[in-house]
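Dear colleague,

I am handing over the structure we spoke about, with its sequence, and would be glad if you could keep it open while you read the notes underneath.

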Amino acid sequence: MFESYSTVAGQFFGLVSLALCVWAFSCKQDDRLLMLLLSANVAFALQFMFFASWTAAALSLLVIARIALARRYPGSKVAMASVLAASGVAAVLTWQSWADLPAIVAMVLGTVGMFLLRGIAMRVSLGLAALAWTLSHILAGSVGGTLAEALVILTNTITIYRLYRAKKRYPGVID
C-alpha cells in the first residue's frame with residue numbers, strides 16, 4: 001500500500017516540477033529562470049525521494065545550492081569546484097547502480113553552465129543537462145519528470161531561438 005502512495009506522490013511532484021520548469025525556461029531573463037529552477041528542484045528532489053532514486057534526489061537538492069551560489073558568485077571557479085566536489089561526495093554516498101550516472105552527468109553539465117556561461121550558451125548547457133536528467137527520470141519511472149524534462153528541452157530550444165533572433169536584431173544589447 002505504501003508503495004502505491006509513494007508512486008502517486010512521486011508522480012505528483014513530477015507534474016509540479018513540470019509546470020515550474022516550463023515557466024522557468026520560457027523566461028528570457030536569467031535571474032527569473034534561476035529563481036523558478038530553485039522551486040522546480042525542490043519538487044524534483046521530492047519526486048526522486050518517493051521513487052527511491054537517492055543519487056538523483058541528493059543531486060537535485062544540491063542543484064538548489066548550486067543555483068543560489070551561481071547567482072551570488074557568477075563565474076566563480078572556486079564556488080563551481082565546491083559544488084562539483086559536494087556532488088561527487090553525494091554521488092559516492094548514495095550510489096546504487098549505473099542508473100545513477102545520468103544524474104551525475106546532468107549535475108556536471110548544469111554546474112559548469114551556470115557558473116561559467118550566460119545567455120544562449122548557458123541555456124545550451126542546461127539543455128544538455130536536461131537530456132541527462134530525462135534519462136534519470138525514465139530510469140526512476142517518473143512520467144511527470146520525464147515529461148517535464150522533455151518540455152524543458154523544447155521550451156529551452158524555443159527560448160534559445162528567440163534570444164538568437166533578438167541578438168541578431170539588436171547586436172550588443174542581448175548577450
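What follows is an account of the helix packing and then of the internal space.

Please bear in mind that this is a predicted model, and that the values below are computed from it.

I begin with helix 2 (30-50) and helix 3 (54-72), whose axes come within 8 Å and cross at roughly 160°. An angle over 145 degrees counts as roughly antiparallel, and helix 2 and helix 3 are therefore roughly antiparallel to each other. The crossing of helix 2 with helix 3 is left-handed. On the side of helix 2, the contact is made by D31, L34, M35, L37, L38, N41, V42, F44, A45, F48 and M49, and helix 3 answers with W54, A56, A57, S60, L61, V63, I64, I67, A68 and R71. Sorted by character, the residues of this contact divide into 17 nonpolar, 2 polar and 2 charged.

Helix 3 also packs against helix 4 (residues 77-94), at an angle of about 165° and with the axes 9 Å apart, so that this pair too is roughly antiparallel. Here the crossing is right-handed. Helix 3 brings W54, T55, A58, L59, L62, R66 and L69 to the contact, while helix 4 brings V83, A86, S87, A90, A91 and T94. Of these residues, 9 are nonpolar, 3 are polar and 1 is charged.

Moving on along the chain, the axes of helix 4 and helix 5 come within 10 Å and cross at roughly 170°, which makes helix 4 roughly antiparallel to helix 5. The residues that meet are K77, A79, M80, V83, L84, S87 and A91 of helix 4 and I104, M107, V108, T111, V112, F115 and L116 of helix 5, and they divide into 11 nonpolar, 2 polar and 1 charged.

Turning to the internal space, the count comes to 1 cavity of 30 Å³ or more, and the largest cavity holds about 180 Å³ of space. It is lined by 17 residues, of which F25, L37, N41, R66 and W133 are the closest to its centre. Two or more lining residues are given by each of helix 1 (2-25), helix 2, helix 3, helix 5 (101-116), helix 6 (119-140) and helix 7 (143-169). Helix 6 gives the largest share of that lining, with 4 residues. By character, the lining of the largest cavity divides into 13 nonpolar, 2 polar and 2 charged residues.

Some residues turn up in both parts of these notes. L37 and N41, which belong to the contact of helix 2 with helix 3, are among the residues closest to the centre of the largest cavity. R66, likewise listed as closest to that centre, is one of the residues through which helix 3 makes contact with helix 4.

With best regards

Conventions. Residues numbered from 1 in each chain as written. Predicted model: local features only at pLDDT ≥ 70, side-chain atom pairs only at ≥ 80, totals over all residues. Heavy atoms only, no water. 1 Å grid on protein atoms, 1.4 Å probe; cavity = no way out; pocket = protein on both sides within 12 Å on 5 of 7 lines; lining within 4 Å. Points joined across faces, edges and corners; volume = space filled by probe spheres on them. Nonpolar A, V, L, I, M, F, W, Y, C, P; charged D, E, K, R; others polar. Axes fitted to C-alpha atoms, helices over the stretch in contact; angles between N-to-C directions. Parallel < 35°, antiparallel > 145°, perpendicular 65-115°, else oblique. Left-handed = near helix turned anticlockwise from the far one by under 90°. Contact = heavy atoms within 4.5 Å.
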